[in-house]
Amino acid sequence: MAEWPEMTDRFETLTVHAGAEPDTHTGAVVPAIQMSTTFKQDGVGGLRSGFEYGRSGNPTRLALEQAIATLEGATHGLAYASGLAATQNIFYLLEPGNRLLMSDDVYGGTWRLADKVWRRYGIETDALDLRDLDAVAAAFAGGHPAQMVWVETPSNPMLKVIDISAVARLAAVAGAITVVDNTFATPYIQRPLDLGADLVLHSATKYLGGHSDVIGGLVATRSNALAERLRFHQNAAGAVPSPFDCFLVMRGMRTLAVRMERASANARVLALWLADRPEVERVHYPGLPDHPAAGLVERQMRVPGAMLSFELRGGEEQARRFAGATRLFTLAESLGAVESLIELPAPMTHASVADSPLAVPPNLVRLSVGIEAVEDLRADLEAALAASAS
Ligand code: PLP
């Protein structure tokens, strides 16, 4: 595995090979899933290959951790039982009295964990529009500066795009940690560590797994000091994934590049089509020429991604009828898989942020565009628009 980055830095090749070398003993092209929870010691403390107990480390998990490190251009990768378990592990880096700055548009569960759980332990979280760099600079100055900034870009569900380099530069000057939730973009589209971020987080449940059949979380970093502290808490708190889950995430990652390319191309077609529809008030998609950060999207992202949201003129009632009328787009939470999904963020994924600064419009529909034939996806949306008109 370690040789691949030296052999090539082409992402498409790395995705196929990272963490998936043939087994050195058997030649098996797909490495075996190692289910053992404990490892024989040669005398007390004599660890044969560094593995001791399955919560602390496991060969299958290590392969996944090395794979995400390779794809994100990191030196350390860490795997968790879910994206939120990974988020929790990063919050352990904070101390009581610290202040966390968070994008004002993030996955509802991330905000809920900070606001409803960690606030009780003395971590103060402020929601901020991180596109406003003067406000970010002010938050790192003054009497109570922030120790960590949480960037989600493109954001969930309004598809805001934040300048990772600019935020990371301001944070670095203040000695604060920059975290980027790269779930929507994946390392195929952007690599936050190359742009100055300290930590990258993924809900591997989404594009990395890619098939709606595994819950997982990942973190990658180039910092030895941060990795050491994260690794301590990964073992101490124990929210680790099973070897089988690690295998499933790795299997998904091998097709990441082709899935992202195809899904993103589909999303661009649908976003342009929706933007011309009279029933649609506004489309949020980084690939539209009138996206507020179109120039930044061009610089920061390889392709605009496969997530989009839009607001219907007929309000919440039409949005509910519409989301219940599609046939190929399945009405379900989550995102990032081969099949297309539809949801209403306000009553579903973002219900936990109602009445908070992160509340989202009630007529907002979110699409996770999959890899089906785009003509079929467009026909499905067209039929649902007609069905939801009255
Ligand atoms: N980050 C983002 C952007 C998400 O969309 C999600 C889940 O929807 C999470 C983090 C949390 O991940 P998980 O559901 O794997 O705990």
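Start by selecting Gly-108, Gly-109, Thr-110, Trp-111, Leu-113, Ala-114 and Asp-115: in helix α5, these residues are buried. Keep in mind as you click around that this is a predicted model. Now widen the selection to the whole of α5, residues 108–117, and you have a helix that is mostly covered, with 7 of its 10 residues buried. What do the buried residues of α5 pack against? Show α4 (83–91), β2 (99–103), β3 (124–128) and β4 (148–152), and you have the answer.

**Next stop: a covered strand**

Select β7, residues 217–221. All set for a simple count: 5 of its 5 residues are buried. Colour Gly-217, Val-219 and Thr-221 one way, and Leu-218 and Ala-220 another; the first group sits on one side of β7, the second on the other, and both faces are covered. That split fits a general pattern: in a regular strand the side chains alternate between the two faces of the sheet.

Which strands pair with β7? Add β1 (residues 76–80), which pairs with β7 in the antiparallel sense over 5 bridges. Zoom in on Leu-78 and you'll find its bridge partner in β7, Val-219. Then add β6 (residues 199–203), also antiparallel to β7 and joined to it by 5 bridges. Here, pick Ser-203 and look for its bridge partner Gly-217.

**Zoom out: two domains**

Colour residues 11–253 as domain 1 and 256–389 as domain 2, following the domain assignment. Their C-alpha centres lie 26 Å apart. Where they meet, 42 residues of domain 1 are in contact with 42 residues of domain 2. Together the two domains bury about 3300 Å² between them, with 64% of that on carbon and sulfur atoms. Select Tyr-188, Ile-189 and Tyr-207 next: in domain 1 they lose the most area to domain 2, together 23% of what that side buries.

How many salt bridges cross the interface of domain 1 and domain 2? The rule finds 2. There are also 17 residue pairs in polar contact between the two domains. On the domain 1 side, α2 (11–17), α5, α7 (164–173), α8 (186–189) and α10 (243–253) each supply at least two of the residues that touch domain 2. So your first helix, α5, turns up again here.**A sheet with two edges**

Now show the open sheet of 5 strands, in the order β8-β9-β12-β11-β10, with mixed pairing. At its edges stand β8 (280–284) and β10 (330–331), each with a single partner strand, so one side of each is left without a neighbour in the sheet. Pick β10 and β11 (residues 341–343): they pair in the parallel sense over 2 bridges. Leu-331 stands opposite Ile-342 in β11.

**Last stop: charged pairs**

A search of the whole structure finds 19 salt bridges. Try Asp-104 and Lys-160, whose side chains meet at 2.8 Å, N to O. This pair links distant parts of the chain, 56 residues apart: Asp-104 is in the loop between β2 and α5, while Lys-160 is in the loop between β4 and α7. Is Lys-160 buried or exposed? Lys-160 is buried, with a relative accessible area of 17%.

For a contrast in cover, select Asp-194 and Arg-191, which meet in a salt bridge of 3.0 Å, N to O. Asp-194 is partly exposed at 43% relative accessible area, and Arg-191 is partly exposed at 25%. Finish with Lys-40, Asp-42 and Arg-48, joined into one network by salt bridges that share partners.

Key. Residues numbered from 1 in each chain as written. Predicted model: local features only at pLDDT ≥ 70, side-chain atom pairs only at ≥ 80, totals over all residues. Heavy atoms only, no water. Buried < 20%, exposed > 50% of the residue type's maximum accessible area, 1.4 Å probe, protein only. Helix = DSSP H or I, 4+ residues; strand = E, 2+ residues; numbered from the N terminus. Contact = heavy atoms within 4.5 Å. Pairing = 2+ DSSP bridges. Domains from an automatic or database assignment. Buried area = accessible area lost by both parts, 1.4 Å probe. Salt bridge = Lys/Arg side-chain N within 4 Å of Asp/Glu carboxyl O. Polar contact = N/O pair within 3.5 Å; in protein donor to acceptor, adjacent residues only side chain to side chain.
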